[in-house]
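Subject: A structure for you to explore

Hi there,

Here is the structure I promised to pass on to you. Have a look at it first, and then read my notes below with the model open beside you.

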Amino acid sequence: MELWHMWVIAALILVVVEIFTQGFAVICLSIGALAAAIASACGAGAEGQLIWFAAVTLLAFIFVRPLLIKAFKKTGKPERLSGVDALRGREGTVSERISPADNTGRVAIDGDDWKAVSADGTDIAKGEKVTVENVDSVVLTVKKK
């Protein structure tokens with residue numbers, strides 16, 4: 001078996017390792033190993049092969065890895081909000097009159113009843129539709145639709 005065969009085997013093993021890791025670092029080493037295999041097949045000595053391996057690996061880290069990360073980055077889908085963060089912008093129905101003077105008010109959203117205050121400080125009658133502007137702990141700040 002010639003030396004360039006060993007470089008190709010090393011490159012293949014590194015590709016398999018990359019499958020089980022994340023970050024595209026091992027694939028850069030695999031690209032460097034392929035470059036060293038080509039150098040070996042062209043008759044380069046051990047020093048030349050190591051130089052090709054190191055140089056191409058470095059170039060792969062600089063140029064190839066960022067492209068792969070960008071290509072495989074999750075895009076197009078906004079982050080899914082959960083808990084009270086998911087309430088912002090939602091529509092609800094006033095289940096108890098919102099009155100800043102009486103410190104009362106509740107809003108029903110998807111079957112859950114929340115303490116609510118008016119964003120502009122006005123009263124909002126029971127049964128009106130409102131939109132959640134902010135969430136402070138378990139208190140919703142709402143405005144009329």
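Let's start with a single contact: the side chains of Ser 40 and Gln 49 make a polar contact, at 3.5 Å. Please keep in mind throughout that this is a predicted model.

Where does Ser 40 sit? You will find Ser 40 in helix α2, which covers residues 26–41. Is Ser 40 buried or exposed? Its relative accessibility is 12%, and buried means under 20%, so Ser 40 counts as buried. Leaving aside residues up to four places away in sequence, Ser 40 touches Leu 3, Trp 4, Trp 7 and Gln 49.

Leu 3 also turns up on the surface. Together with Met 1, Met 6, Ile 9, Ile 13 and Val 17, Leu 3 makes a nonpolar surface patch of about 580 Å². Ile 9 from this patch belongs to helix α1, residues 3–19. With a relative accessibility of 39%, Ile 9 counts as partly exposed.

Now for the inside. In soluble globular proteins, nonpolar side chains tend to be buried together. Which residues touch the most other members of the largest nonpolar core? They are Ile 98, Val 107, Leu 140 and Val 142, out of 13 residues in that core. At least two residues of this core come from each of the strands β1 (91–99), β2 (104–109), β3 (112–118), β4 (129–136) and β5 (139–144). The largest share, three residues, is supplied by β4.

Leu 140 is a good residue to click on. Not counting residues up to four places away in sequence, Leu 140 touches Leu 87, Ile 109, Trp 114, Lys 115, Ala 116, Val 117, Val 132, Asn 134 and Val 135. Apart from this core lies another one, made of five residues, including Trp 7, Ala 11, Ala 36 and Ala 37. You have met Trp 7 already, as one of the residues that Ser 40 touches.

Charged residues come next. How many salt bridges does a search of the whole structure find? The search finds seven, and here are three of them to look up.

- Lys 145 and Glu 91 form a salt bridge, with their closest N and O atoms 3.0 Å apart. Lys 145 is in the segment after β5 and Glu 91 is in strand β1, so this pair ties together parts that are 54 residues apart in sequence. Lys 145 is exposed, at a relative accessible area of 62%, whereas Glu 91 is partly exposed, at 39%.
- Lys 144 and Glu 128 form a salt bridge as well, with 3.9 Å between the closest N and O atoms. Here strand β5 holds Lys 144 and the loop between β3 and β4 holds Glu 128, so the pair ties together parts 16 residues apart in sequence. Lys 144 is partly exposed at 41% relative accessibility, and Glu 128 is partly exposed at 28%.
- Asp 102 and Arg 97 meet through their side chains in a salt bridge, at 2.8 Å from N to O. Asp 102 has a relative accessible area of 48% and is partly exposed; Arg 97, at 36%, is partly exposed too.

What is linked with Arg 97 and Asp 102 in a network of salt bridges? The answer is Asp 123, which joins Arg 97 and Asp 102 in that network.

Enjoy exploring, and write back with any questions!

Best wishes

Note on methods: Residues numbered from 1 in each chain as written. Predicted model: local features only at pLDDT ≥ 70, side-chain atom pairs only at ≥ 80, totals over all residues. Heavy atoms only, no water. Core = buried A, V, L, I, M, F, W, Y, C linked by side-chain atoms within 4.5 Å. Buried < 20%, exposed > 50% of the residue type's maximum accessible area, 1.4 Å probe, protein only. Helix = DSSP H or I, 4+ residues; strand = E, 2+ residues; numbered from the N terminus. Contact = heavy atoms within 4.5 Å. Patch = residues over 30% accessible without salt bridge, like charges linked within 9 Å, V, L, I, M, F, W, Y side chains within 5 Å. Areas by Shrake-Rupley, 256 points an atom, 1.4 Å probe, with all protein chains shown as cover. Salt bridge = Lys/Arg side-chain N within 4 Å of Asp/Glu carboxyl O. Polar contact = N/O pair within 3.5 Å; in protein donor to acceptor, adjacent residues only side chain to side chain.
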